[in-house]
Amino acid sequence: MQANTALQAEAHAAIAAAAAHVNIAAYKFVTFDNIEEMRPLYQDICKRLALKGTILLTPEGINMFLSGPRSHIDEYLAWVRQDARFADIEVKESYSEEQSHKRMLVKIKKEIITMRMPLIQPEKGRAPFVRPATLKRWLDEGVDDDGRPVVMMETRNAFEVDVGTFENTLDYRIDKFSEFPEVVAQHREELEGKTVVTFCTGGIRCEKAAIHMKNIGYESVYQLDGGILKYFEEVGGAHYKGDCFVFDYRTALNPQLEATVTTVQCFACRAVVTPRDQLSPLYVYEKSCPQCHPERDRAPAAADNSAGAA
């Protein structure tokens, strides 16, 4: 395992050295009671450093997806960490030739991720978590350290799951995260005696999910620390099929944290558009896709040219 981890780190270092831009994802649940005052400060520093992406400021904490040159990202993070509330914020990185976002937004919202469960307050105690290397070992063996069968559980939306997920994962096909509490409550009894590991892209949804599941009586539940992106960074793609959907122009990252070119995201409805769907006349760049085009019920299916070049 140490050898694999070292090789993974060496590969990431090589990619980082060659890339023009660093893309960061970071969040922290903490009381953030002066968001109105802080918003213009975040706007100013991001503008000065020419960063692009999205920052969400909420009473329960902060969530950030930003892209820019290494020196600019480092200066920004040093500034953020001057605020004692965010001094220990953890950051996940990936790399690209272009900035992964096209504009810069600093938004104020009620929640980092909408769940509509006000009793869930991660700041007062985070969910039990499992590190990526430990999870890989559990999945290798099929059981956790106590000998309980391990079950992976999706907390992401269905269209994200379709791009890639862990093997043998419970996927309840939710369309938005606020549906998760009701759905997961319906399946508690059938998961008794098993260890459930919730996961998502970067850790936010699965952290809230695991806390909620503990609250409603799940006996053994963990979140994947750092989500899929941290898993890719530390152990690669073991037990994972496909890519990981991300909410920027790259659309998806492979286990090497490289942007893939097989899928795009519809500008209008945000659905994932597969290579086959991109052949449809209903797919119009930055306007529509087969899922949202007004003529979708009357148009012929796209030709399947996937066998055209072996």
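**Exercise 1. Find how β7 and β9 are joined, and place them in their sheet.**

Solution. Two bridges join β7 to β9, and the two strands run parallel. Strands here are DSSP runs of E with at least two residues, helices are runs of H or I with at least four residues, and both are numbered from the N terminus. Two strands pair if DSSP finds at least two bridges between them. One bridge partner can be named: Met152 is matched with Thr169 in β9.

Next, the sheet. Five strands form an open sheet with parallel pairing, in the order β6-β11-β10-β7-β9. Its edge strands are β6 and β9 (169-170), each of which pairs on one side only. Helix α7 (residues 204-215) packs on this sheet and touches β7, β10 and β11. The direction of α7 makes about 175° with that of β11; axes are lines fitted to C-alpha atoms, for helices over the stretch in contact, and angles run from 0 to 180 degrees between N-to-C directions.

A note on the source: this is a predicted model, in which local features need pLDDT of at least 70 and side-chain atom pairs count only at pLDDT 80 or more, while totals for chains, interfaces and linings use all residues. Residues are numbered from 1 along each chain as its sequence is written, and side-chain values use heavy atoms, with hydrogens and water left out.

**Exercise 2. Describe the mixed sheet.**

Solution. Five strands form an open sheet in the order β4-β1-β3-β2-β5, with mixed pairing. At the edges are β4 (91-96) and β5 (104-108), each pairing on one side only. From one strand to the next, the twist averages 10°. Inside the sheet, β2 (residues 52-58) and β3 (residues 61-68) run antiparallel and are joined by seven bridges. Gly53 stands opposite Leu66 in β3.

**Exercise 3. Which residues of helix α4 are buried, and what covers them?**

Solution. Helix α4 (residues 132-141) has Pro132, Leu135, Lys136, Trp138 and Leu139 as its buried residues. Buried means under 20% relative accessible area, exposed over 50%, and partly exposed in between (1.4 Å probe, protein chains only). These residues lie on the same side of α4 because they cover an arc of only 160° around the axis, the arc being that of the directions from the helix axis to the C-beta atoms. An α-helix has 3.6 residues a turn, so residues three or four places apart point the same way. The cover includes β7 (150-154), β10 (195-199) and α8 (227-235). After α4 comes Gly142, with a positive phi near 85°.

**Exercise 4. Follow the surroundings of Ser96 and His21.**

Solution. Start with Ser96, which lies in strand β4. Ser96 counts as buried because its relative accessibility is 9%. Leaving aside neighbours within four places in sequence, the residues in contact with Ser96 (heavy atoms within 4.5 Å) include His21, Asn23 and Tyr249. The side chains of Ser96 and Asn23 make a polar contact (3.1 Å). A polar contact is a pair of N or O atoms within 3.5 Å; within protein, one must be able to donate a hydrogen and the other to accept it, and residues adjacent in sequence count only if both atoms are side-chain atoms. The C-alpha atoms of Ser96 and Ala259 are separated by 7.6 Å, although the residues are 163 apart along the chain.

Now take His21, in strand β1 (residues 21-29). His21 is buried because its relative accessibility is 16%. Its side chain reaches the backbone oxygen of Glu97 at 3.0 Å.
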